[in-house]
Amino acid sequence: MDFKKSNQIAILGSGNIGLSLAKGLAQSGLYPASSITLTRRNIEALDEYKFQGFQVSADNVSASAQADIIVLAVLPQQLNQVLDQIAGQIDVSKHLIISVISGVSCEDIRNRLKKDVQVVRVMPNTAIAIKQSMTCISVGNASQENIELVKNIFNTVGICVVINEELMTSATALCACGVAFFLRSIRAASQGGVEVGFHAGEALKMAAQTAKGAADLLLQLASHPEHEIDKVTSPKGCTIAGLNEMEHNGFSSAMIKGIKLSAQKAGELYDKD
Ligand SMILES: NC(=O)C1=CN([C@@H]2O[C@H](COP(=O)(O)OP(=O)(O)OC[C@H]3O[C@@H](n4cnc5c(N)ncnc54)[C@H](OP(=O)(O)O)[C@@H]3O)[C@@H](O)[C@H]2O)C=CC1
Ligand SMILES: O=C(O)[C@@H]1CCC=N1
């Protein structure tokens, strides 16, 4: 029997990232909707997912008892209550816990559960819904078999890398918050496009495809951004005029400072007590 497909997953906290993960997993075919239980307190908000074949529940305890993999996807400030609820159901010989929660270490989770259960920390982004996530994983105390299982899951819904746990808050800023940062820059480009003559809808589509092409130049050619920029900037041309104007206004500096602040904030989201 295929080990992975035999697993049941419970996603405790089915909000933005929990549902994005559920969609990506179901789309990938690795876990059918029927093998995924989605929980939240307001389950009426999950009606659409119930209709699609996911199991939905407001009961974290029974969802955890039935699952092999428990995904923690509530806000950091909601975590302790959930851990206290499910602690009694955790079976260290069966359960694997995957936490997507920012700023909470694997050790924090084990300490709260008072159990030496296997905990892996992952940082996906919302592009997981379309199998395009950049996901960072820190393996905690997981067995090699479970590490391979988690890597397989997150490689199926995007690309994953294993990193040291102390870099997880940095990964949160760069890769998870990063979706918002790049989206805002695409939105700003489209607003510039409107200023120079395009309707909003067409400007957004043109800006998004341009951003996608630029990213693919780096990913597909393993190229450096400045190398590709040099090819665009004709001498005395309009690209360098626009680019330098952006830099005079702090374009790179704003992105760097924003990522630094996000990473710092990511480390301050959880109150252990
Ligand atoms: N959004 C993102 O892009 C990413 C978020 N993260 C992390 O994922 C976590 C969730 O973030 P996000 O999805 O944005 O937040 P959301 O607020 O969208 O989702 C949290 C969900 O948890 C549910 N919830 C709250 N309390 C409970 C409970 N006791 N039992 C079950 N469900 C509960 C809420 O629903 P209800 O109120 O109905 O219970 C809500 O749907 C955070 O820790 C964040 O740091 C990580 C990577 C990316
Ligand atoms: O904004 C947040 O706190 C969460 C963590 C990463 C993305 N969203």
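Which residue of strand 7 does R121 stand opposite? In this predicted model, R121 stands opposite S138 of strand 7, and the pair belongs to the contact between strand 6, which covers residues 118-123, and strand 7, where three bridges are formed in the antiparallel sense.

The protein chain as a whole comprises 12 helices and eight strands, and its C-alpha trace spans about 70 × 40 × 35 Å along the principal axes. Of the 273 residues in the protein chain, 34% are buried. Among the contacts in the protein chain with a separation of 6 or more, 63% are made by residues that lie 24 or more positions apart.

Eight strands are assembled into an open sheet with mixed pairing, in which the order is 3-2-1-4-5-6-7-8. Strand 3, at residues 55-57, and strand 8 stand at the edges of this sheet, and each has a single partner strand, so that one side of each is left without a neighbour in the sheet. From one strand to the next, the twist averages 25 degrees.

Packing on the sheet is provided by helix 1, residues 16-28, which touches strand 1 (9-12), strand 2 (36-39), strand 4 (69-72) and strand 7; the direction of helix 1 makes about 165 degrees with that of strand 2. Helix 5, formed by residues 106-113, lies across strand 5 (96-99) and strand 6, and runs at about 140 degrees to strand 6.

Strand 7 is paired not only with strand 6, in the antiparallel sense, but also with strand 8, to which it runs parallel. Five bridges join strand 7, residues 133-138, to strand 8, residues 158-162, and within this pairing the bridge partner of M134 is I159 in strand 8. The connection between strand 7 and strand 8 passes through helix 6, residues 144-156, and the resulting β-α-β crossover is right-handed.

Beyond strand 8, the UniProt record, in an unreviewed entry, lists residues 165-269 under "domain: Pyrroline-5-carboxylate reductase dimerisation". In the model, the span of residues 165-269 is 80% helix and 0% strand, and the C-alpha atoms at the two ends of the span lie 16 Å apart.

Technical notes. Residues numbered from 1 in each chain as written. Chains lettered and ligands numbered in written order. Predicted model: local features only at pLDDT ≥ 70, side-chain atom pairs only at ≥ 80, totals over all residues. UniProt positions renumbered as here; feature names shortened; annotations may be inferred. Helix = DSSP H or I, 4+ residues; strand = E, 2+ residues; numbered from the N terminus. Pairing = 2+ DSSP bridges. Right-handed = clockwise from strand over helix to strand, strands pointing away. Axes fitted to C-alpha atoms, helices over the stretch in contact; angles between N-to-C directions. Contact = placed C-beta atoms within 7 Å. Buried ≥ 20, exposed ≤ 12 C-beta atoms within 10 Å, placed from the backbone.
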